[in-house]
Amino acid sequence: MKYLLSGFLLVLCLSADGQTMKDAISLFEKGQLDSSIATAKQYMQTEPGAYQLIGQSLVKQGKYAEAIMYLEKGKNSLNAEPSVRAWCMNDLGIAWFMRGAYEKAKENIKACIDLNATTNSVRSAREAAILFGLSELYDSWARKESTHFVFHFQHIPDNAEFYIAANEMAYDSINRFFRSTLPKKIDYFVWDDTKLAERTFHQPLAFTKTLFCVTHTSMHNTRGHEITHNISMYANTVKKPNMLVFEGIASYFDFSGRDWMKEIKKIAPHIGYIISIKSIWLSSEHTPVTILYPAGALLTGSLIQQFGREKFIQLLADQSYENAKKLYGSALDELIAGLDREINSN
Ligand SMILES: [Zn+2]
């Protein structure tokens with residue numbers, strides 16, 4: 001999903017004559033979205049690209065209804081460059097999807113692909129089409145909506161009602177801890193043909209894109225893991241995620257009933273080094289999931305059990321070891337030493 005997620009930074013092939021429009025773009029690229037919008041607003045009469053910039057900034061801020069107004073203007077500007085119209089269509093696809101208007105999202109994403117304005121706009125729209133379930137691949141899928149989810153089933157299972165109710169219960173149970181408010185219902189894609197999913201996304205199931213509250217999964221994946229990814233991301237403003245905490249908390253709340261200490265103790269003697277939670281924390285990107293999941297579940301579970309909810313929610317904002325030290329003090333290293341001892345003992 002490289003283009004879809006980073007598209008905002010790649011898109012501004014504007015023919016900006018004035019320095020100020022360039023400034024607006026530069027502010028956008030620095031993430032100073034309010035200033036970028038204010039600057040671009042001065043150029044709406046002369047620069048169709050201003051509508052694109054304002055619309056995309058608003059999409060980034062999660063203000064979808066407002067974004068749609070500007071993106072529609074950019075899309076329909078007769079004097080706009082094809083690339084401006086294309087990126088307006090792409091972001092209209094995102095904005096409508098985030099508002100649950102699947103048909104309008106599909107229309108715009110398809111229009112962006114058909115316009116074929118730039119390589120990156122087509123790539124981004126194609127990524128959106130498969131991630132959001134808007135491509136023809138999903139034409140035969142069934143949709144069912146519940147309180148916190150929109151389920152998209154490749155084949156509707158016999159026990160669909162039970163499955164939906166069980167997911168709702170899991171959601172409630174997980175969110176009793178996090179108390180998050182999500183920007184929308186979770187679009188929960190349930191694949192039967194997991195091989196096809198793997199070929200489509202070039203990665204195995206399950207996975208979640210928290211920015212869009214989208215999960216792709218199968219009946220065989222655990223109930224709580226992906227739901228927790230979606231919910232935990234909105235419990236605080238996550239500025240510094242860390243894989244050990246991010247995957248750990250999802251594993252802790254996955255409802256698999258697994259004994260994570262038993263799991264990691266089975267692996268520990270075969271990996272050729274002593275497991276150290278601190279080392280994993282500091283290089284979590286390079287740790288295999290077979291170690292990351294149990295180690296993370298044990299760490300996050302212990303932190304919650306020993307020090308409670310409030311501190312853990314603070315940890316979610318900045319999930320680094322350094323921040324954890326600030327929050328928990330020397331008690332953190334004692335807790336980690338205890339876990340390490342148990343993990344590496346016979
Ligand atoms: Zn995960």
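This is a guided tour of a predicted model, with suggestions for what to select at each stop.

**The three domains**

Begin by colouring three ranges separately, because the protein is divided into domain 1 (2-134), domain 2 (142-232) and domain 3 (243-344), as given by a domain assignment. Then keep domain 2 and domain 3 in view, whose centres, taken over C-alpha atoms, are separated by 25 Å. Where they touch, 10 residues of domain 2 are in contact with nine residues of domain 3. On the domain 2 side, helix H9 (160-178) and helix H11 (225-232) each supply at least two of the touching residues, and H11 gives the most, with four residues. Sorted by class, that side of domain 2 has three nonpolar, six polar and one charged residues.

**Helices H5 and H6**

Next, select residues 64-76, which form helix H5, and residues 82-98, which form helix H6; their axes are 9 Å apart and the helices pack at an angle of about 155°. Two packed helices are described by these two quantities, the angle between their axes and the distance between the axes. Angles over 145 degrees count as roughly antiparallel, and therefore H5 is roughly antiparallel to H6. The crossing of H5 and H6 is left-handed. To see the contact itself, show side chains on H5, including Tyr-64, Ile-68 and Leu-71, and on H6, including Val-84, Cys-88 and Leu-92. By class, this contact of H5 with H6 has 10 nonpolar, one polar and four charged residues.

**Helices H7 and H8**

Move along to helix H7 (residues 102-115) and helix H8 (residues 119-131), whose axes come within 8 Å and cross at roughly 145°. H7 passes H8 in a left-handed crossing. The H7 side of the contact is made by Ile-109, Cys-112 and Ile-113, while the H8 side includes Ser-121, Val-122 and Ala-125. The contact of H7 with H8 has seven nonpolar, one polar and one charged residues.

Now select Asn-116, which lies in the loop between H7 and H8. Is Asn-116 buried or exposed? Asn-116 is exposed, because 12 other C-beta atoms lie within 10 Å, and 12 or fewer is the cut-off for that label. Asn-116 also has a positive phi of about 55°, although it is not a glycine.

**Around strand E4**

Continue to His-202, in the loop between helix H10 and strand E4, where phi is again a positive value, near 55°, in a residue other than glycine. His-202 is exposed, since it has 7 other C-beta atoms within 10 Å. In the loop between helix H10 (194-201) and E4 you can also pick out Ala-206, and the peptide bond leading from Leu-205 to Ala-206 is cis, with omega near 0°. As background to these stops, most residues other than glycine have a negative phi, and most peptide bonds are trans.

Then step past E4 (207-209) to Phe-212, which is found in the loop before strand E5 (214-218). Phe-212 is buried, because 21 other C-beta atoms lie within 10 Å. If you measure from Phe-212 to Asp-340, 128 residues apart along the chain, the C-alpha atoms are separated by 36 Å.

**The last stop, Lys-240**

Finally, select Lys-240, in the loop between H11 and helix H12 (243-252). Lys-240 counts as exposed because it has 12 C-beta neighbours inside 10 Å. Which residues does Lys-240 touch, not counting residues up to four places away in sequence? Lys-240 touches Asp-318, Gln-319 and Ser-320. From Lys-240 to Lys-63, 177 residues apart in sequence, the distance is 23 Å, C-alpha to C-alpha.

Key: Residues are numbered from 1 along each chain as its sequence is written. This is a predicted model: local features need pLDDT of at least 70, side-chain atom pairs count only at pLDDT 80 or more; totals for chains, interfaces and linings use all residues. A residue is buried if 20 or more other C-beta atoms lie within 10 Å of its own, exposed if 12 or fewer, and partly exposed in between; C-beta atoms are placed from the backbone. Axes are lines fitted to C-alpha atoms, for helices over the stretch in contact, and angles run from 0 to 180 degrees between N-to-C directions. Angles under 35 degrees count as roughly parallel, over 145 as roughly antiparallel, 65 to 115 as roughly perpendicular and the rest as oblique. A crossing is left-handed if the near helix is turned anticlockwise from the far one by less than a right angle, and right-handed if clockwise. Two residues are in contact if their C-beta atoms, placed from the backbone, lie within 7 Å. Ala, Val, Leu, Ile, Met, Phe, Trp, Tyr, Cys and Pro count as nonpolar, Asp, Glu, Lys and Arg as charged, and the others, Gly among them, as polar.
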